Amino acid sequence: MSALHVLPGHPFPLGAHPEAGGVRFAVASSIADAVDLCLIAEDGTEHRIGLTERTFGIWHGLVPGVTPGQRYGYRVHGPYDPARGLRCNPAKLLVDPHARRITGRVTDLDATLGYRTDPMTGRPSHVDSLGHVPLSVVTSPGGPDTGAKPDTPFEETVIYELHVRGFTRRHPDVPAHQRGTYLGLTHPAVIDHLVRLGVTAVELMPVHSFVDEPPLLSSGRHNYWGYATLGFLAPHEGYASEPGRETAEFATMVAALHAAGIEVLLDVVFNHTGEGSVTGPTLSMRGLDAPNYYVLDRDGSDVDITGCGNTLDPGSPTVVRLVTDSMRYFATELGVDGFRLDLASALGRPHGGRFDPNSPLLTAITTDPVLARCKLIAEPWDATGDGYRVGGFAPQWTEWNGRFRDGVRDFWRGRVGVRDLAYRLSGSEDLYAFNTRRPWASINFVTAHDGFTLRDLVSYDQKHNTANGEDNRDGTDDNRSWNCGAEGETADPAVLALRDRQARNLLATLLLSTGTPMLCAGDELWRSQGGNNNPYCLDDETSWVDWTPTDRAADMLAFARKVIALRAGSPALRQPEFFDGRPSTTGRPDLVWLAPDGTPMTGSDWFDEDRRTLGVWMDGSTSLSRDRDGELVPDDSWLLLLHAGDEPVEVRLPAGEFGEKFVPVLDTGVRRGTPAAEAALPPRTTLRMPARTLLVFRTPRTA
């Protein structure tokens, strides 16, 4: 133990902060008897300094002479009693949960284990983990300017979910050393693709520092997706083109996207950590203060409601502080515009109990003056039945709408009638209107990182996950997919044409529904994962976006651009309020559901489970969309016809009271969506609508 004179400093904020000619360190542990700060030299030698000040359960001290770039960790002395969840073991060097930079990785799993033989009954391991675990690094304050935030209204938002590494790893225009990095996303060719596509926000899969889980380490594989966080304030080192510059490169990426008018949202994993269950490694929180970080049962074992081995306790002030500190840091110093909270239902279950939308953690986020201005997106489920809470979050939250995904998939594969589809098309009022939320609270999606790509959704009936090393047991079996007549790759032109049409139907339904659409990166480029619906450990061509130009990819990209532009230019298709029957200039309500004969649907029509055709007319004259000055923006009216039947159907356009003419603007039966005939049609025109087709007509507003 060093005799170096350490000044008391103060407990807040936690982490390592340069000040007064040194660095102030502060780490939370309510159970420790003593805490050593361990400074690690370049040659790997260690200098231990005891932190003697303890305030509010936080150990702190200001160490003179320490500078940014110093690597460090903590060793905690205290009780080792697994039956009470107490796992203090000074042989294990621990990462600072509030570290803003983390370097290195686990190189010896056995050295990280805090126990010998058995995690509950065995003795503590005396193997020193130094040299085999990641290290915290002191960082300099401040950073690059990330530019003005676009502040795009939710009703105008189109989200694009992407993986930092996978999106540019194969991009031919990005310099080789920047492919798969933060800087790769700043390349003009990449920015141009996003801008021309028309998306307004990118949602980055986890970029917090993460580790490989024990099963992956044991098999020599790696975590690709990143849902195994080690440090919530440290950008992942592996996505930097130059190790050590990850924070600066992250900020540069945000600035470049902001300059293009694109918001940056982060997929954050605050429900569990990469330490896994009690059989897993002791890397940070488990060794610092497991009872104050994790939900534990009466026997001291981790309670797992996340499916990942452990659960952070959203009822713990220590966890609430860590999460909100992380979010504020990324929102302020690094310029992030919003957050998607992975398995957010777990964050509403204090101490692992019943779900409470006003739990301490969820409330702390929505009442924070900084975070309340961010886009907040909940994944409204966890790994348990009680955790499925679509529609159940508090008013400030938007939600991934799994019911939209399932309902739209089921309709277009011909498994259900039109009743549920109508709710999804019109903003899922049944889920979100009851607690003052708007239609944009529904984050609509048909594909995401978790599951089939759009191409695979129409190409496979079953998952094909053998490459994951788990004998095809991993990944969901509830895909609601349809291979259109052949499993996987085929040369059958009829099957290929049907797949393309089905993909256009799904994409058009997503983008033309009321709510906030989210696309999965690469779907517009016709990306396939070979039927793998869970490639979380495949950092290879399976998961990387393929930028190779093909005719089918070019057609799908052109179609996606067309429909996104149609949505962007049509306020009535992205309204910020629910349709409520308000009368329009035609005397009709603002939204009318139509039968194939062009007349309004009756009550009994909704309960015909064999019905596969639905029409919806939206009156643009009553649109409640506003411009940036707050003025209402009138629009044309719109007619959408959706037919998921196996055979063509005869449909009739509605009567003249709905419009004097109907101009075809979109046809999913055409490769790029542009109707073969664009001449205006009169009311009551009869059309023969091909099987599995979506048509859109515009009715120009009258003076």
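This report walks through one stretch of parallel strands and a set of ring contacts in the structure above. Keep in mind that the model is predicted.

**Strand 18 and its neighbours**

Let's start with strand 18, which spans residues 375-378 and is covered on both faces. Lys375 and Ile377 point to one side, Leu376 and Ala378 to the other, and all of these residues are buried. That fits a general pattern: in a regular strand, side chains alternate between the two faces of the sheet.

Which strands pair with strand 18? One partner is strand 17 (residues 338-341), which runs parallel to strand 18 and is joined to it by 4 bridges. Within this pairing, Leu341 has Ala378 as its bridge partner. To get from strand 17 to strand 18, the chain passes through helix 8 (residues 360-367), and the resulting β-α-β crossover is right-handed. Another partner is strand 19 (residues 398-400), also parallel to strand 18, with 2 bridges between them. Here the bridge partner of Ile377 is Thr398.

Lys375 is worth a second look if you care about charges. Although this lysine is one of the buried residues of strand 18, its charged end sits over the ring of Phe154. A comparable contact involves Arg169, whose charged end sits over the ring of Trp544. The distances are listed here:

| Charged residue | Ring | Distance to ring centre |
|---|---|---|
| Lys375 | Phe154 | 5.0 Å |
| Arg169 | Trp544 | 4.8 Å |

**Aromatic pairs**

How many aromatic pairs does the structure hold? There are 21. One of them joins Phe25 and Tyr72 in an edge-to-face arrangement, with 5.1 Å from centre to centre and 70° between the planes. Because Phe25 belongs to strand 2 (residues 22-28) and Tyr72 to strand 7 (residues 71-77), this pair ties together parts 47 residues apart in sequence. Are these two rings buried or exposed? Phe25 has 0% relative accessibility and so counts as buried. Tyr72, at 1% relative accessibility, counts as buried because the cut-off is under 20%.

Tyr182 and Phe250 make another edge-to-face pair, 5.5 Å centre to centre with 80° between the planes. Tyr182 lies in the loop between helix 2 (164-168) and helix 3 (188-197), while Phe250 lies in helix 5 (residues 246-259), so the pair links parts 68 residues apart in sequence. Both Tyr182 and Phe250 are buried.

Where do these two rings fit in a wider picture? Tyr182 and Phe250 belong to a cluster linked by ring pairs, together with Phe210, Tyr239, Tyr329 and Phe330.

Definitions and conventions
Residues are numbered from 1 along each chain as its sequence is written. Side-chain values use heavy atoms; hydrogens and water are left out. Buried means under 20% relative accessible area, exposed over 50%, partly exposed in between (1.4 Å probe, protein chains only). Two strands pair if DSSP finds at least two bridges between them. A crossover is right-handed if, with the strands pointing away from the viewer, the path from the first strand over the helix to the second runs clockwise. Rings of Phe, Tyr and Trp (its six-membered ring) pair if their centres lie within 6.5 Å; planes under 30 degrees apart count as stacked, over 60 as edge-to-face and the rest as tilted. A charge sits over a ring if NZ of Lys or CZ of Arg is within 6 Å of the ring centre and within 35 degrees of the ring normal.
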